[in-house]
Amino acid sequence: MKRLHVHVAVDDLEQSTLFYSTLFATEPAVLKPDYAKWILEDPRVNFAISARGHAAGLDHLGIQVADADELGEVYGRLKQAEGPVLEQGQTTCCYAKSEKSWISDPQGIAWEVFLTSGDSTVYGDSIELPTSKTSACCAPAVAAPCCG
């Protein structure tokens, strides 16, 4: 079953963690010095925040899938969407091991599609997507293939 992923950059992780823990009526499933994540069932969402020097606000959205079949299904939809797809493959991101691809919507909002396979002790790096107005939090740094 797929799960919506929302990642918000924050200025004060401690204050934001307290706020979202109260809002969601639960503590984060993952809490690091620069990152917190809630895996919620109602609504079904993977909600993450980080304080890693990005401008505060929406960092990116995503679809977390449960297995390889769902990953293939959603990857197929990405390829049909308008815009370049960055196929990252196996990576370490947001304190988790996963396979993922990225795309930007027409407004420049970064979207990731990913399958998580385990935990990691490191966060990850940033990437600028070719049409993104924001950076994706946890992909390796690459140069944008176009300018505009």
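A nonpolar core is here a set of buried Ala, Val, Leu, Ile, Met, Phe, Trp, Tyr and Cys residues joined through side-chain atoms within 4.5 Å. The model to which this is applied is a predicted one. Its largest nonpolar core has 12 residues. They are Val-6, Val-8, Val-10, Leu-13, Tyr-20, Ala-36, Trp-38, Leu-40, Val-45, Phe-47, Ile-49 and Leu-61. At least two residues of this core come from each of strand 1 (3–9), helix 1 (13–24), strand 3 (35–41) and strand 4 (44–50). Another core, of eight residues, lies apart from it, and includes Val-65, Leu-71, Tyr-75 and Leu-78. In soluble globular proteins, nonpolar side chains tend to be buried together.

Leu-13, a member of the largest core, can be followed through its contacts. Leaving aside residues up to four places away in sequence, Leu-13 touches Lys-32, Pro-33, Asp-34, Tyr-35 and Ala-36, and also Ile-49, Ser-50 and Ala-51. Of these partners, Ala-36 and Ile-49 are listed in the core as well.

The loop between strand 4 and strand 5 (57–65) holds His-54. Is His-54 buried or partly exposed? His-54 counts as partly exposed because its relative accessibility is 23%, and the buried class is reserved for values under 20%. In sequence His-54 is 45 residues from Ala-9, yet their C-alpha atoms are 6.2 Å apart in space.

Charged side chains give a further set of links. The structure holds seven salt bridges. One of them joins Lys-2 to Glu-73, with the closest N and O atoms 3.5 Å apart. This pair connects distant parts of the chain, since Lys-2 belongs to the segment before strand 1 and Glu-73 to helix 2 (residues 68–80), 71 residues apart. Lys-2 has a relative accessible area of 31% and is therefore partly exposed. Glu-73 is also partly exposed, at 39%. Lys-2, Glu-73 and Arg-77 are linked in a network of salt bridges.

A salt bridge with an N to O distance of 2.9 Å brings together the side chains of Glu-41 and Arg-3. Here too distant parts of the chain are linked, with Glu-41 in strand 3 and Arg-3 in strand 1, 38 residues apart. How does the burial of the two partners compare? Glu-41, at 53% relative accessibility, counts as exposed, while Arg-3, at 8%, counts as buried.

In the salt bridge between Lys-100 and Glu-112, the N to O distance is 2.5 Å. Lys-100 lies in strand 7 (residues 96–104) and Glu-112 in strand 8 (residues 110–119), so this pair ties together parts that are 12 residues apart in sequence. Both Lys-100 and Glu-112 are buried.

Enclosed space remains to be described. Rolling a probe the size of a water molecule over the atoms shows where empty space is left. The model has two cavities of 30 Å³ or more. The largest cavity has a volume of about 100 Å³, and 13 residues line it. Nearest its centre are Tyr-35, Cys-93, Cys-94, Ala-96 and Phe-114. Strand 3, strand 7 and strand 8 are the elements that give two or more residues to this lining. Sorted by class, the lining of the largest cavity consists of five nonpolar, five polar and three charged residues. Tyr-35, named among the residues nearest the cavity centre, is also one of the residues that Leu-13 touches.

How values were computed. Residues are numbered from 1 along each chain as its sequence is written. This is a predicted model: local features need pLDDT of at least 70, side-chain atom pairs count only at pLDDT 80 or more; totals for chains, interfaces and linings use all residues. Side-chain values use heavy atoms; hydrogens and water are left out. Buried means under 20% relative accessible area, exposed over 50%, partly exposed in between (1.4 Å probe, protein chains only). Helices (H or I, at least four residues) and strands (E, at least two) are DSSP runs, numbered from the N terminus. Contact means heavy atoms within 4.5 Å. A salt bridge is a side-chain nitrogen of Lys or Arg within 4 Å of a carboxyl oxygen of Asp or Glu. On a 1 Å grid over the protein atoms alone, a cavity is a set of points where a 1.4 Å probe fits but cannot get out, and a pocket is an open set with protein on both sides within 12 Å along at least five of seven lines; lining residues have an atom within 4 Å of a point. Grid points are joined across faces, edges and corners, and a volume is the space filled by probe spheres set on the points. Ala, Val, Leu, Ile, Met, Phe, Trp, Tyr, Cys and Pro count as nonpolar, Asp, Glu, Lys and Arg as charged, and the others, Gly among them, as polar.
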